[in-house]
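Work through the exercises below with the sequence and the coordinates open. Each task is followed by a worked solution.

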Amino acid sequence: MDGPKVNYFEPEIETAPREHIRRIQLERLQRQVAWAYERVPWYKQRFQELGIGPEDIRRLEDVRLLPFTDKQVLRDTYPFGLCAIALDDVLRLHASSGTTGKPIVVGYSRRDLDAWSDCVARLAAMAGITRADRVQMAFGYGMFTGGFGLHYGCEKLGCMMVPAGSGNTERHLMMIADYETTVLISTPSYAMHMCEVGEARGFDWRASSLRVGLFGGEPCTPGMRREIENRMHIICTDNYGLTEVNGPGVAGECLVARDQQHIAEDHFLWEIIDPATGEALPEGSEGELVLTTLSKEAFPMLRYRTHDLTSVTTAPCGCGRTHARMAKVRARTDDMLIVRGTNVFPSQVEDILAGIAGVTPHYRIVLDNETGMDRMTVMVELRPDAFSDSFGEMDRFRRRVADRLRQTLLITPVVKLVEPGGIERSFGKSRRVEDKREKP
Ligand code: DLL
């Protein structure tokens, strides 16, 4: 057969007929709802307010009867209010930083950790990784789910793990060379950084042992993926997940469909809703992804509003997997910036810059209202070949970038050109927006 070789971790469930998947989902949903109702006072109270009980879940669509949860619920019940098991049976905690105040925290039972590793092993297999691979971790080992989550999943697949952790790019390069690692796990922005540092040091990416990039944790545009693939001579997949429902392993990109991610549907039930009304949208429409865990013991999450915008299809995939595929998450409902009344998504800026020759994918948006009016400054980093000593030439280039941004964003940003390497690189998720506006 032509095309990439297809690997599975759990072929039976990954390629099960859709009726079989739906049957498992219903059984597990009924069990998960009863579990949450009986063991978590917050859920019981919400169910009672809505006048429903676990017995009302007769079909999968009945999930719509259930209350939504979101970050706020986890904040209100911080730290252990949503825990459905004795704390002695919680083997691990992870947390994610909230935008304000306390982080949100979740816990895992032994079975949760086991199921989580299965989901991660699946996404690694989807990227063509096998037990013969040597996997270098560039996510931090800490409260963030990326490090430990991907570590144990790849270890379960049988890979040799190199737990290097985040930062220290020179050391990472040395380890790739010395241990002949074949897989890099990181955010796409850190991979890009490593690529550049390597190039500057004369590291030969073409000759290196590295062959796969396993990315996730932040959006990765198809353009950025291709650029990393071409410069590092590797194949990259983008993988989606969030702390509230495990972390990585919720959905993974296969090598056939590309730029879409198979959701582990035996562990997570997806819905797409209209973020404004909360109403369910038909398959294929873009809306907010809502996830219900189907197998969680410690922190069952019912109808968790991710704020991530995507669409989902159940159409068959050439890789043989029958689990639904979600489109890449390009924006969050709460990522949206409102600048002088106009909605702006950082992903739009990213798309525009990707279409302009002479600039790198690194940029920063700074918002302020010092003059009394919102001002948006976009700092754009030049590629070395576009850099010039001629002020006139640079100014013409700057105006051209501003024009392109204005045409799509419908506001006129201030554009500042930054010399190659001038935008600070991040070791984890990149922070692209700095909002310095004084709020009314
Ligand atoms: O980022 C979990 C993760 C770690 C996934 C490593 C993959 C690899 P949080 O820190 O809770 O969890 O952030 C979750 O990050 O709601 C999305 O908005 C965004 N996100 C995560 N992965 C992707 C991705 C981890 N592949 C939030 N593409 C989510 C786009 C992503 N956005």
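**Exercise 1. Polar contacts of the ligand**

How far from a nitrogen atom of the ligand does a backbone N or O atom of Gly217 lie? Then look for contacts of ligand nitrogen with Asp238 and with Asn239.

Solution. The model is predicted.
- Step 1. For Gly217, the distance between a backbone N or O atom and a ligand nitrogen is 3.1 Å.
- Step 2. In Asp238 the side chain is involved: one of its N or O atoms is 2.7 Å from a nitrogen atom of the ligand.
- Step 3. In Asn239 the partner is a polar backbone atom, 2.8 Å from a nitrogen atom of the ligand.
- Step 4. As for burial, the ligand taken alone exposes 610 Å², and the protein buries 92% of that.

**Exercise 2. The shell around the ligand**

Collect the residues within 4 Å of the ligand and sort them by class and by secondary structure element.

Solution.
- Step 1. The ligand is surrounded by 22 residues, and the closest are Asp238, Asn239, Thr243, Asp308 and Lys429.
- Step 2. Sorting by class gives 9 polar, 7 nonpolar and 6 charged residues.
- Step 3. At least two shell residues come from each of helix 6 (145–157), strand 7 (235–242) and strand 8 (247–253).
- Step 4. Strand 7 supplies the largest share, with 5 residues.

**Exercise 3. The sheet of 9 strands**

Write down the strand order of the 9-stranded sheet, find its edges, and list helices packed on it, including helix 5 and helix 9.

Solution.
- Step 1. The sheet is open, its pairing is mixed, and the order reads 4-3-5-6-7-8-9-14-13.
- Step 2. Strand 4 (160–162) and strand 13 (312–313) each have a single partner strand, so one side of each has no neighbour in the sheet.
- Step 3. Within the sheet, strand 7 and strand 8 are antiparallel and share 4 bridges. Asn239 has Gly252 in strand 8 as its bridge partner; Asn239 is also among the residues closest to the ligand.
- Step 4. Helix 5 (residues 110–126) packs on this sheet and touches strand 6 (212–216), strand 7, strand 8 and strand 9 (260–263), at about 30 degrees to the direction of strand 8.
- Step 5. Helix 9 (residues 222–232) also packs on the sheet, touching strand 5 (183–186), strand 6, strand 7 and strand 8. The direction of helix 9 makes about 140 degrees with that of strand 7.

**Exercise 4. The sheet of 4 strands**

Repeat the analysis for the 4-stranded sheet.

Solution.
- Step 1. This sheet is open too, with order 20-19-18-21 and mixed pairing.
- Step 2. Strand 20 (414–418) and strand 21 (433–435) are the edge strands, each pairing on one side only.
- Step 3. From one strand to the next, the twist averages 20 degrees.
- Step 4. Strand 19 (residues 375–382) pairs with strand 20 in the parallel sense, over 5 bridges. Val380 stands opposite Leu417 of strand 20.
- Step 5. Helix 10 (residues 346–354) lies across strand 18 (359–368), strand 19 and strand 21, and runs at about 145 degrees to strand 18.
- Step 6. Helix 11 (residues 391–409) packs on the sheet against strand 18, strand 19 and strand 20, its direction making about 135 degrees with that of strand 20.

**Exercise 5. Backbone details in loops**

Which residues does a cis peptide bond join, and what is the sign of phi in Glu180?

Solution.
- Step 1. Recall the background: most peptide bonds are trans, and most residues other than glycine have a negative phi.
- Step 2. The cis bond joins Tyr78 and Pro79, with omega about -5 degrees. Pro79 sits in the loop between helix 4 (71–76) and strand 1 (92–96).
- Step 3. Glu180 has a positive phi, near 50 degrees. Glu180 is placed in the loop between helix 7 (169–179) and strand 5.

Technical notes. Residues numbered from 1 in each chain as written. Predicted model: local features only at pLDDT ≥ 70, side-chain atom pairs only at ≥ 80, totals over all residues. Heavy atoms only, no water. Polar contact = N/O pair within 3.5 Å; in protein donor to acceptor, adjacent residues only side chain to side chain. Areas by Shrake-Rupley, 256 points an atom, 1.4 Å probe, with all protein chains shown as cover. Nonpolar A, V, L, I, M, F, W, Y, C, P; charged D, E, K, R; others polar. Pairing = 2+ DSSP bridges. Axes fitted to C-alpha atoms, helices over the stretch in contact; angles between N-to-C directions. Contact = heavy atoms within 4.5 Å.
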